[in-house]
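The paragraphs below lead through one chain, from its overall make-up to two helix pairs and two single residues. Please keep the sequence and the model at hand.

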Amino acid sequence: MAANRATLIALTALAPVSWGTTYVVTTEFLPADRPLFTALVRALPAGLVLLALGRVLPRGAWWWKATVLGALNIGAFFPLLFLSAYRLPGGMAAVVGSAGPLFVVGLSALLLGQRPTARNVITGVLAASGVSLVVLKAAGALDPLGALAALASTASMSAGTVLTKRWGRPEGVGPLALTGWQLTAGGLLIAPVAVLAEGAPPALDAPAVGGYLYLALANTAIAYWLWFRGIGRLTATQVTFLGPLSPLTAAVIGWAALGETLAPLQLTGMVLAFGATVAGQIVPRPRTVPAPSRPASAPAKPSRVHS
């Protein structure tokens with residue numbers, strides 16, 4: 001049982017690890033300054049592929065539920081995340097995003113009835129502190145719009161995670177179909193905004209096509225399927241505490257592939273954030289209340305034998 005849970009956690013963790021590669025793929029292979037087009041290409045084709053594989057459409061109330069989840073997890077989250085990344089100084093968007101576990105702890109109390117524990121709050125603070133040491137660079141003044149977008153993107157993804165846990169899945173519908181619904185809904189919401197804000201799609205060369213294929217398939221379709229599969233089987237807080245693996249992966253790739261340096265303070269932050277991620281996977285066992293002891297029964301009186 002413990003081995004199966006560890007495997008589930010490891011597979012779910014592949015999602016934020018994959019998302020940590022987004023920065024290097026975007027900067028090295030994709031056209032510059034097209035965040036909404038990139039978000040659209042990530043979401044809509046992946047959603048349509050999963051819809052074709054799942055062969056299940058929403059029914060009844062799940063039409064609006066899938067739209068809400070798609071808006072929170074994809075349609076609003078992607079544009080707000082890119083907006084904050086473009087307007088905030090180095091790493092600040094990732095720092096705000098690392099507060100996601102604290103958002104989820106609070107929303108879980110409101111929507112799932114899970115009382116926040118001191119351990120979860122402390123672990124969330126440690127995770128955010130560790131990510132701050134890894135990615136935060138002192139540069140420029142804080143942009144109010146960028147900060148608001150970063151907070152909104154974190155709140156959007158956190159609310160989507162908790163609502164996904166609260167609503168579960170319709171009977172007979174697997175995580176593949178649920179992921180397809182959300183990615184398609186989110187992509188359809190992004191499409192008009194991308195066209196109005198950025199105009200016609202840019203010209204693409206071979207590296208850009210390869211980069212977009214990677215983002216749509218591995219980075220989005222597979223990664224979000226693993227993510228929503230994990231939400232269905234783990235607690236909401238367990239899943240969200242895997243989020244810091246994304247900026248940690250980005251930092252490691254920057255060091256290994258782009259020649260960026262990792263100072264001792266950043267290495268300390270990586271250890272702190274990774275330790276908080278591991279601690280976030282530990283679910284305390286419920287306390288068992290011992291059964292009340294019963295008074296010892298009086299010995300039975302010997303029966304009289306009539307001769």
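Helices (H or I, at least four residues) and strands (E, at least two) are taken as DSSP runs, numbered from the N terminus. Tyrosine 212, for instance, is found in helix 11, which covers residues 206–233. The model is a predicted one, in which local features need pLDDT of at least 70 and side-chain atom pairs count only at pLDDT 80 or more, while totals for chains, interfaces and linings use all residues. Residues are numbered from 1 along each chain as its sequence is written, and side-chain values use heavy atoms, with hydrogens and water left out.

The secondary structure of the chain comes to 14 helices and zero strands. Of the 307 residues in the chain, 46% are buried; buried stands for under 20% relative accessible area, exposed for over 50% and partly exposed for what lies in between (1.4 Å probe, protein chains only). Contact is taken as heavy atoms within 4.5 Å. Among the contacts in the chain with a separation of 6 or more, 90% are between residues 24 or more positions apart.

Confidence is given as pLDDT, the predictor's confidence in each residue, from 0 to 100. The chain has a mean pLDDT of 87, and 89% of its residues reach 70 or more. Helix 4 has the highest mean among the elements, 96, and helix 6 (residues 92–97) the lowest, 76. Over residues 302–307 pLDDT stays under 50, and the model has zero contacts beyond four places in sequence for them. Where pLDDT is low, the predicted coordinates should not be read in detail.

Helix 4 (residues 62–75) also takes part in a helix pair: its axis and that of helix 9 (residues 144–167) come within 7 Å and cross at roughly 150°. Axes here are lines fitted to C-alpha atoms, for helices over the stretch in contact, and angles run from 0 to 180 degrees between N-to-C directions. Helix 4 and helix 9 are therefore roughly antiparallel to each other, on a scale where angles under 35 degrees count as roughly parallel, over 145 as roughly antiparallel, 65 to 115 as roughly perpendicular and the rest as oblique. The residues that make the contact include Trp62, Trp64 and Leu72 of helix 4 and Met157, Gly160 and Trp167 of helix 9.

In a second pair, the axes of helix 3 (residues 35–54) and helix 5 (residues 77–87) come within 9 Å and cross at roughly 145°. Helix 3 contributes Pro35, Leu36, Thr38, Ala39, Arg42 and Ala43 to the contact, and helix 5 contributes Phe78, Pro79, Phe82 and Tyr86.

Thr38 appears again around tyrosine 212, which is in contact with Leu30, Pro31, Phe37, Thr38, Val41 and Leu204, leaving aside neighbours within four places in sequence. Tyrosine 212 is buried, with a relative accessible area of 5%. Its C-alpha atom is 8.7 Å from that of valine 25, and the two residues are 187 apart in sequence.

Valine 131 lies in helix 8 (residues 118–135). Is valine 131 buried or exposed? At 0% relative accessibility, valine 131 counts as buried. Beyond four places in sequence, valine 131 is in contact with Ala94, Val95, Ser98, Leu136, Pro244, Pro247 and Ala273. Valine 131 and alanine 99 are 32 residues apart along the chain, with 9.5 Å between their C-alpha atoms.
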